[in-house]
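The following paragraphs lead the reader through a single protein model. Please keep the sequence and the structure in view while reading.

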Amino acid sequence: MAERAQYEELIRQFSAFGVVKREMGRILPADCPGGSAAVLTLLGRHGDMRISKLAELLAVDMSVTSRHVAHIADRGWIERSPDPADKRSRILRLTPAGQAQLDELSERTTQLLAHRLSDWTDDEVGQLTRLMTRLRASFDDCRSAPARPPAPPPEVEQTTRTPATTTK
């Protein structure tokens, strides 16, 4: 297991990673904020799905997912059709316009990363990808676990008294 100082440095790096996320957000088209881009990306990667599955993959509340879905549906990037297995549910599907938007997002992101990581070797980019994939998987394993680790057991107070004895 890593030392505490390594985890503390990792926390600092996570905090600083906001700069990367903000720059990636700035390259998104004005009508496609990050949440919408995430929905398009997941539909492109996993194919048609129910909104409940999408919410699970996004790891956000159903109401947040519904807002993202409504936003991209209003732009014609997805269609919602009845689920044959359960008519109360809807299946989300990328439209050709949605696929075109996803392709544009992918191109923009690829160009940004290629520019910013131009001085990295292929091996370094591959190593970063593998480590980020592993990090994400470690957190996926914890989705059903409590958000906070269990509290450590209370420390037992040491006393110098001798235990009471009973007499018969």
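A convenient place to begin is aspartate 83, which, apart from its neighbours within four places in sequence, is in contact with Arg50, Ser89, Arg90 and Ile91. The model in which these contacts are found is a predicted one. Aspartate 83 belongs to strand 2, which covers residues 78–83. Is this residue buried or exposed? Its relative accessibility is 6%, and the limit for a buried residue is under 20%, so aspartate 83 counts as buried.

Strand 2 leads to the sheet as a whole. Three strands make up an open sheet, arranged in the order 1-3-2 with antiparallel pairing. Strand 1 (49–50) and strand 2 occupy the edges; each has a single partner strand, and therefore one side of each has no neighbour in the sheet. Strand 1 and strand 3 run antiparallel and are joined by 2 bridges. Within the sheet, arginine 50 stands opposite isoleucine 91 of strand 3. Both of these residues also appear among the contacts of aspartate 83.

Helices cover this sheet in part. Helix 3 packs on the sheet and touches strand 1, strand 2 and strand 3. The direction of helix 3 makes about 95° with that of strand 3. Helix 5, in turn, lies across strand 2 and strand 3 and runs at about 115° to strand 2.

The wider plan of the chain may now be considered. The protein contains 7 helices and 3 strands, and from the N terminus its elements follow the order α-α-α-β-α-α-β-β-α-α. Of its 168 residues, 21% count as buried. The accessible surface amounts to about 13,200 Å², and carbon and sulfur atoms account for 56% of that area. Among contacts between residues at least 6 apart in sequence, 50% link residues at least 24 apart.

Which residues have the most contacts inside the largest nonpolar core? They are Leu40, Leu43, Leu54 and Ile78, in a core of 19 residues. Two or more residues of this core come from each of helix 3 (34–46), helix 4 (51–58), helix 5 (62–74), strand 3 (86–94) and helix 6 (96–116). Helix 3 makes the greatest contribution, with 5 residues. Leucine 40 deserves a separate look: residues up to four places away in sequence aside, leucine 40 touches Cys32, Ile72, Trp77, Ile78, Leu94, Gly98, Gln101, Leu102 and Leu105.

Several of these partners recur where helix 3 meets helix 6. The axes of the two helices, helix 3 and helix 6, come within 10 Å and cross at roughly 105°. Angles of 65 to 115 degrees count as roughly perpendicular, and helix 3 and helix 6 are therefore roughly perpendicular to each other. Helix 3 takes part in the contact through Ala37, Leu40, Thr41 and Gly44, while helix 6 takes part through Gly98, Gln101, Leu102 and Leu105.

The last stop is a loop. Alanine 59 is located between helix 4 and helix 5. Its phi is near 60°, a positive value in a residue other than glycine. With a relative accessible area of 53%, and with exposed residues defined as those over 50%, alanine 59 is therefore exposed. Aspartate 83, where the account began, is by contrast buried.

Technical notes: Residues numbered from 1 in each chain as written. Predicted model: local features only at pLDDT ≥ 70, side-chain atom pairs only at ≥ 80, totals over all residues. Heavy atoms only, no water. Helix = DSSP H or I, 4+ residues; strand = E, 2+ residues; numbered from the N terminus. Buried < 20%, exposed > 50% of the residue type's maximum accessible area, 1.4 Å probe, protein only. Contact = heavy atoms within 4.5 Å. Areas by Shrake-Rupley, 256 points an atom, 1.4 Å probe, with all protein chains shown as cover. Core = buried A, V, L, I, M, F, W, Y, C linked by side-chain atoms within 4.5 Å. Pairing = 2+ DSSP bridges. Axes fitted to C-alpha atoms, helices over the stretch in contact; angles between N-to-C directions. Parallel < 35°, antiparallel > 145°, perpendicular 65-115°, else oblique.
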